[in-house]
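Open the model in your viewer and keep a selection box ready. We will start at the ligand and then step out to a helix.

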Amino acid sequence: MTTAPRTIVLITGANQGIGFEVAKAIHSVHKDYHILLGSRDAERGVKAAAEIDPTGTSVEPITIDVTDDASIEKAAEQVASNHGRLDVLVNNAGINNEFELFWGAQEKQKNGEAQDEKPNLSQLRQLYREAYEVNLFGAAATTEVFIPLLEKAAASPPRIVFVSSHTGSLAIRTDPSHEMFSKMSRPSFPIYRSSKAALNMLTLHYAAQFKDQGWKVNASCPNLTATNFSHGIGRPASESAVNIVRLATLGADGESGLYSDENGVVPW
Ligand SMILES: NC(=O)c1ccc[n+]([C@@H]2O[C@H](COP(=O)([O-])OP(=O)(O)OC[C@H]3O[C@@H](n4cnc5c(N)ncnc54)[C@H](OP(=O)(O)O)[C@@H]3O)[C@@H](O)[C@H]2O)c1
């Protein structure tokens with residue numbers, strides 16, 4: 001009797017927060033999955049993987065910094081030599097570097113201080129570059145490098161999940177009657193939300209590219225979640241992991257090219 005090969009799933013930025021909860025949930029429910037727990041810091045990855053699976057048989061740490069091409073390529077070489085393929089890629093690593101700016105402006109307003117008259121353009125460009133490097137360029141580079149391994153997937157269908165955000169929705173941003181309009185309007189966080197809007201287009205690009213091959217490529221919206229990212233504000237990360245896990249484990253009859261949360265489809 002032959003046993004089916006295990007489904008190999010790589011989750012970037014999984015040493016903490018939502019990514020960690022996705023790894024934990026897949027491990028507890030899908031015993032036939034082998035999880036590659038991505039972490040940009042090797043030590044943090046080893047610790048997080050051992051916390052979920054002390055035996056080390058189903059959760060394997062892998063070092064991957066999505067802003068570093070050599071690191072992404074090294075991770076792919078490691079996956080190729082250890083497993084020969086990848087079945088599911090979850091592009092979860094992400095940052096929001098606008099909180100300090102937002103709080104600084106709020107503090108000035110509270111103290112009746114004048115806001116800076118001239119924008120600090122070098123700071124602005126630096127913040128855009130940092131956020132886009134992780135949230136957009138990082139997800140794009142990681143996806144490109146892992147496509148050849150996804151093409152060798154044993155599980156059918158291969159799946160890619162982009163962890164996006166409701167703040168990236170152009171439809172919600174422009175529809176005051178949408179139930180999330182107010183919540184997703186303030187604070188505006190233009191750097192973060194524009195990087196996620198671009199990530200949404202990337203999702204549609206890959207969904208179209210692999211449509212005929214039956215790949216499932218989707219984006220998920222976690223909602224405000226209490227992680228280090230949000231400075232502890234929001235709901236438990238385990239709740240935000242639910243829809244990501246659903247998309248990472250979709251069957252052949254599952255959707256592709258959609259943007260969703262646990263309540264259903266979110267308008268682009
Ligand atoms: N929390 C929310 O309210 C919320 C809402 C909507 C969407 N999201 C999205 O959900 C995803 C996960 O966020 P989270 O709340 O879980 O944040 P988090 O707790 O801060 O975790 C983010 C993860 O990304 C990793 N990361 C950051 N830069 C990286 C890089 N260059 N290469 C590889 N990994 C990197 C972090 O690594 P380190 O531990 O080394 O820093 C960490 O593991 C993000 O894409 C975020 O945009 C979050």
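How many Å separate an oxygen atom of the ligand from an N or O atom in the side chain of Thr227? Select Thr227 and the ligand: the separation is 2.6 Å, a polar contact (a pair of N or O atoms within 3.5 Å). Now zoom out a little: of the 900 Å² of accessible area that the ligand has on its own, the protein covers 95% (Shrake-Rupley method, 1.4 Å probe).

A word on the ground rules: this is a predicted model, in which local features need pLDDT of at least 70 and side-chain atom pairs count only at pLDDT 80 or more, while totals for chains, interfaces and linings use all residues. Residues are numbered from 1 along each chain as its sequence is written, and side-chain values use heavy atoms, with hydrogens and water left out.

Next, select Arg40, where a polar side-chain atom lies 2.7 Å from an oxygen atom of the ligand. Asn15 is another stop: an N or O atom of its side chain is 2.8 Å from a ligand oxygen.

Now show the whole shell, 29 residues around the ligand (each with a heavy atom within 4 Å of it). Among the closest are Gln16, Asn92 and Tyr192. Colour the shell by type and you will find eleven nonpolar, 14 polar and four charged residues. Helix H1 (17–29) and helix H7 (190–209) each give two or more residues to this shell.

Finally, stay on helix H1 and pick Glu21 and Lys24, three residues apart, about one turn of the helix. They form a salt bridge, with the closest N and O atoms 3.9 Å apart (the rule is a Lys or Arg side-chain nitrogen within 4 Å of an Asp or Glu carboxyl oxygen).

Methods. A polar contact is a pair of N or O atoms within 3.5 Å; within protein, one must be able to donate a hydrogen and the other to accept it, and residues adjacent in sequence count only if both atoms are side-chain atoms. Helices (H or I, at least four residues) and strands (E, at least two) are DSSP runs, numbered from the N terminus. Ala, Val, Leu, Ile, Met, Phe, Trp, Tyr, Cys and Pro count as nonpolar, Asp, Glu, Lys and Arg as charged, and the others, Gly among them, as polar.
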